[in-house]
Amino acid sequence: MAGKFVRVAMSQASVSAQVQDPPAFGLAAVDPEAARLPFSLWAQFGRHSRRYLAGLLLLAVYQFSQWWFDTRISRAINLADQHQKEAAVRLGIWLIVVALVAFGVRVASRVAVFNAGRNAEYEIRRVLSAKLLTLGPSFYRRMSTGEIMSRVTNDLTQVRLLLGFGVLNVINTLFALVSALFVILPISPKLTAAAMLPLPLLLLVTRWFSHGFFTRTRDAQAALGEMSGRAQASIAGVRVVRSFALEGREAESFEVVNQKYLDKSLGLARLRGSMTPILQVTLALGVLVVFWYGGDLLMAREINKGQFLAFTLALGRLTWPLMSLGFIVGMLQRGRASYSRLAEVFSAEPDIVDGPVHPAKLPSGLEVKHLSFAYGDRTVVDDVSFRLEHGKSLAVVGRTGAGKSTLALLLARLLPTPRGAVFLGGNDACDLPLSTVRRTVGYAQQNAFLFSTTVGRNIAFSLDDPDSADASERAHRAAEEARIAEEIRELPDGFDTVVGERGVQLSGGQKQRTALAAAFVSEPEILVLDDPLSAVDARTERGILDAIDRQRSERSLILITHRVAAASHCDEIIVLDRGRIVERGTHDELRKGGGLYAAFAEEQRIERELQALEGEPVEPAPVGEQGAGA
Ligand SMILES: Nc1ncnc2c1ncn2[C@@H]1O[C@H](COP(=O)(O)OP(=O)(O)OP(=O)(O)O)[C@@H](O)[C@H]1O
Ligand SMILES: [Mg+2]
């Protein structure tokens, strides 16, 4: 989990650079500002009011033209009936012109409203992605990556449908109703009333379909999600599957979810297939009423031929809007539900926030006073205090699970660091802006995470322009320092080799050194290296230790390590055990102290001697110690 958070924090630099582009849609610079924008559904209409108003106006014009068309066509029929050919033709030409203009207006209205929906969607996505970068570990513990992805994709689509298609159809249906009533009521109130008889039935049927559609689409989507999750897990773990020869079992369990998805999709298809015929039957009922009763009125000369035609045309125009009403209502409800799911992400409180103090320059020197931290009720860092002056180095040594990485994360405020415990240049780290803290304390994580891009860009990730010539030169230099340059040059495209998802094309040790190079490039005031030597061979370790020595002369360094040889390069060493500092001092002092550190030193000395006996390359010995491997 912490890994995921660190990744998010790491990508903050690139994404916030991207969202700070000139606002394209009148939205203030996204990051913290945008994350505080009002996020109600109404606010979306307000922000895109110009487009919505234009759409409203165009729809009104369109429905007005429809009214004009129906009333004039009635007259044209009557003119033709009375053999007034010339006038009928002239009116006919006007009808064509108006129909063409109406077509254009209709297209324009859709463009206006759909664009408003698309723009709102774009903005919501921008705001959410900015928000996601500010949220801390507690949020990511609560919401899984899959859940977040589903909200930012599926739910956002529902919201877009609400803000575009839904809004358009609601307005259009209202206007169409008014425009059609103005045609049919004056012709015959009795016939109008009769024509409205099947309406409740129609609404019921469409509501029913809409509900069925919703549940079946949701089930099909859930089944699809399950299937892709399953596929992703077995592809990601393909080596494990193969090494246990469990391909058969994997295939079987995939078959189960695949079959489920098929069933759900077929259910949806059946509903879709039955919908058109059933709706057509319901509609035919309305047509039947109009022709039956309308025919009676026509023969009784209560209405004329032109009016009869205009009536059926106007009623026909209403069919689709009324029919779609059931779907639109469902769409609006789903859109609102989805919006509230997005609002849940939006209203989550970040647990690590900026402080108010803006120092003139990056602070130097670190002091930790009685720092304690617990995951839940399990204390992992317990009353830790130490000082680190500019240009000094500190090694943190301890058994696995002692709390070393947690301590490092607290220093960079990648976890909710308590107040009054970590001081940078005299300021409480909680009072400083996060960007200042992260630029001051550069944390190279234990499990290197690489982006699916080139090696070069991964190393130069923290620089403003990772593609510039300067960045590339710095990346090369850092790669030399981290003893990875030679191996990178042997890759198919050297520094331009794409490392694959999470760096799958590199070995564990190569990934680790690539991350180390990235840490060197960022040149923080205090460099925290979390176990940078856990996956390197003896020769590389010696090279990296030299690089670390050079780094020490330029900045403060905290080296987390299991290796006594590496710790011996540092000015001071603290030994952590179950979160507490149990020993502190220099290498020589601790080795003579006879405690945990001395035990480590002894274990590792015996290891080196065994290696020497077996003729293997020998790991470096601690500084100043002679004998095997020195
Ligand atoms: N996100 C987390 N939630 C709950 N407990 C955690 C979390 N991360 C670590 N822990 C626990 O906190 C303790 C300290 O973990 P930490 O990663 O700091 O150890 P470490 O000293 O870095 O170990 P290693 O040398 O193996 O890297 C461990 O017991 C671990 O199980
Ligand atoms: Mg660790």
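This section describes the confidence of a predicted model, the surroundings of its ligand and three individual residues.

The structure is a predicted model, and the pLDDT of its protein chain averages 85. A score of at least 70 is reached by 93% of the residues. Residues 1-31, by contrast, have a pLDDT below 50. Beyond near neighbours in sequence, this stretch nevertheless has 56 contacts in the model.

Ligand 1 is surrounded by 13 residues, of which Arg378, Thr400, Ser405, Thr406 and Gln446 come nearest. By class, the shell consists of seven polar, three charged and three nonpolar residues. Two elements, the strand β2 (378-388) and the helix α13 (404-411), each contribute at least two residues to this shell. The largest share, three residues, is supplied by α13. Polar contacts to oxygen atoms of the ligand involve both side chains and the backbone. An N or O atom in the side chain of serine 405 lies 2.7 Å from an oxygen atom of ligand 1. For glutamine 446, a side-chain N or O atom is likewise found 2.7 Å from an oxygen atom of the ligand. At glycine 401, a polar backbone atom is 2.8 Å from an oxygen atom of ligand 1. On its own, ligand 1 has 640 Å² of accessible area, and the protein covers 70% of it.

Threonine 497 belongs to the loop that runs between α17 (485-489) and α18 (508-522). Its relative accessible area is 5%, and threonine 497 is therefore classed as buried, the limit being under 20%. The side chain of threonine 497 reaches the backbone nitrogen of aspartate 493 at a distance of 3.0 Å. With neighbours within four places in sequence left aside, the contacts of threonine 497 are Thr453, Thr454, Val455, Leu491, Pro492 and Gln505.

Two further residues were examined for their backbone angles. Histidine 370 has a phi near 45 degrees, a positive value in a residue other than glycine. Histidine 370 is part of strand β1, which spans residues 366-375. Because its relative accessibility is 57%, histidine 370 counts as exposed, a class that begins over 50%. For arginine 578, phi is also positive, near 45 degrees, and this residue too is other than glycine. Arginine 578 is placed in the loop between β9 (572-577) and β10 (580-585). With a relative accessible area of 71%, arginine 578 is exposed.

Notes:
Residues are numbered from 1 along each chain as its sequence is written. Chains are lettered from A and ligands numbered from 1 in the order in which they are written. This is a predicted model: local features need pLDDT of at least 70, side-chain atom pairs count only at pLDDT 80 or more; totals for chains, interfaces and linings use all residues. Side-chain values use heavy atoms; hydrogens and water are left out. A residue is near a molecule or strand if one of its heavy atoms lies within 4 Å of it. A polar contact is a pair of N or O atoms within 3.5 Å; within protein, one must be able to donate a hydrogen and the other to accept it, and residues adjacent in sequence count only if both atoms are side-chain atoms. Accessible areas come from the Shrake-Rupley method with a 1.4 Å probe; for residues, only the protein chains shown count as cover. Helices (H or I, at least four residues) and strands (E, at least two) are DSSP runs, numbered from the N terminus. Ala, Val, Leu, Ile, Met, Phe, Trp, Tyr, Cys and Pro count as nonpolar, Asp, Glu, Lys and Arg as charged, and the others, Gly among them, as polar. Buried means under 20% relative accessible area, exposed over 50%, partly exposed in between (1.4 Å probe, protein chains only). Contact means heavy atoms within 4.5 Å. pLDDT is the predictor's confidence in each residue, from 0 to 100.
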